[in-house]
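Please go through the pockets and the ligand site of this model with me, and set each value against the definition behind it.

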Amino acid sequence: MKTEGVNLNPPEDIRSIIDSLFKFIDTEIVPLEKENKKYLDNEADMYEPSGYLKKEVIELRKYVRKKSASAGFLSMFVPESLGGMGLGPLASVYINIALHARYGPGRPLITPGKGLLITPLISGFVDGPSPVIEEMSDELKKAYLPLLLSGDKTLCFALSEPEAGSDIWSLKTRAEKRGKSWVINGLKQWITNGPYADFAVVFAVTDPDMLKQRKGGITAFFVEKERGWKVQSVIPYLGHFGSDTAILSFDNVEVPESHIIGEVNVGFFKAMQGIDIGRLAIGAICAGLSEWALNESIEYSKQRKAFGNPISEYQAIQFMLADSYIDTYTSQVLAIHCGWKAENSDTLPVKEISSVKAYCVEACQRVFDRAIQIFGGMGLTNELRLQDGWRLARTYRIPDGTSEIQRRTIARRLLKGDTKIL
Ligand SMILES: Cc1cc2nc3c(=O)[nH]c(=O)nc-3n(C[C@H](O)[C@H](O)[C@H](O)COP(=O)(O)OP(=O)(O)OC[C@H]3O[C@@H](n4cnc5c(N)ncnc54)[C@H](O)[C@@H]3O)c2cc1C
């Protein structure tokens, strides 16, 4: 019996947003990228020896952020209550897949890579307004939201510490009430956008007993850079010359009560709101990048000759292409289905989001690894950006919950009775 089937293609309204985003990038950003090739192609020219982006690159990224804000893209996924377009999780999946499948990794004005996890085109929970700051005081919203929405300023999301990564219950950063203020002391590590942010959303322990019992005890604060937090250093990783990730220090940084986001002692639950959105977006980015690498692999295998034939005629290459297709197809179906579920459920589908994060990231690394193999020596060159994609996928296995933590989350849900598959 024939049925209508499951239509996984983007609906018309999202398709038209994707088309206008592509038009915006092709007319406004790609020419800028070409003009500034000398700063953007090679990490040795992008970063200072300290690991900071060069001032020219910071300026270019800010310019793109502001352009993207004027064109309406920067805050696409920001809730309407905060002044954004309010596109939901399903739109985020479709748009991220399409964007990354078309432009590929490592284009500092358009896509992540080259040590940069965030792009200036679309803001996310680690650098812009998101449900994490929805419960900010009206006073703060009035003062800072317009600056974030216009792309003039950015923030960072400072949760992890040297002794607290997967295990957030080990946080050491303390916030103590003194009179009408809170005083924050501690060190935050691995903070994306930390080197360049104007504000930090900082998570600090406010009730050590609650923390010990894992019942809460963590509070989220909104802290402007002028209040005294410092970038201790940028952390270059995985062979990059620099990055957008930093160690931040808080040494008696004082903020008024109005800088608490939401309620005292429930900051952990706020943090998870951002992290869950981030996990789905990372999955979708990877599902798109896999498509890009698969297409590059198909094209090259048809052109490159060895032993008198295009290498696409050899079964060893065909099997790699087929395996990469299987990885890409499953990643995209998984991410789209989960985006749909997130959009249409009252509570976030946690085990499904963890499945997307773990699966799409790991699949993407496999697809880039095969692409490099299919390209032979050329695959290893910096020029082709396959290594950018491989390094990015390898990186994504750690932030926003490692692959092991995603599996832990899935298993815990299954064992608690959440065994529904679709
Ligand atoms: C590039 C990058 C950007 C980041 N950006 C941010 C950011 O913007 N803001 C922020 O707050 N943090 C950020 N992080 C921090 C990130 O969230 C942590 O690195 C991550 O949660 C892992 O913590 P960890 O590095 O301390 O590793 P650990 O938690 O020490 O883990 C070490 C190993 O043990 C495993 N492990 C730990 N617990 C378990 C368990 N219960 N069961 C099985 N295995 C386990 C882990 O999977 C891992 O393999 C970023 C990290 C990176 C690398």
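Q: What volume does the second largest pocket have, and what makes a set of grid points a pocket?
A: In this predicted model, where local features need pLDDT of at least 70, side-chain atom pairs count only at pLDDT 80 or more and totals for chains, interfaces and linings use all residues, the second largest pocket has a volume of about 450 Å³. On a 1 Å grid over the protein atoms alone, a pocket is an open set of points where a 1.4 Å probe fits, with protein on both sides within 12 Å along at least five of seven lines, and the volume is the space filled by probe spheres set on the points. Residues are numbered from 1 along each chain as its sequence is written, and side-chain values use heavy atoms, with hydrogens and water left out.

Q: Why is the second largest pocket said to lie between domain 1 (12-149) and domain 3 (269-415)?
A: Both domains give residues to the lining, so the pocket lies between them; the domain bounds come from an automatic or database domain assignment.

Q: What makes the contact of serine 166 with the ligand a polar one?
A: A polar contact is a pair of N or O atoms within 3.5 Å, and an N or O atom in the side chain of serine 166 is 2.6 Å from an oxygen atom of the ligand, so the pair meets the cut-off. A backbone N or O atom of tryptophan 190 lies 2.8 Å from a ligand nitrogen atom, and a polar side-chain atom of threonine 192 lies 2.7 Å from a nitrogen atom of the ligand.

Notes: A polar contact is a pair of N or O atoms within 3.5 Å; within protein, one must be able to donate a hydrogen and the other to accept it, and residues adjacent in sequence count only if both atoms are side-chain atoms. On a 1 Å grid over the protein atoms alone, a cavity is a set of points where a 1.4 Å probe fits but cannot get out, and a pocket is an open set with protein on both sides within 12 Å along at least five of seven lines; lining residues have an atom within 4 Å of a point.
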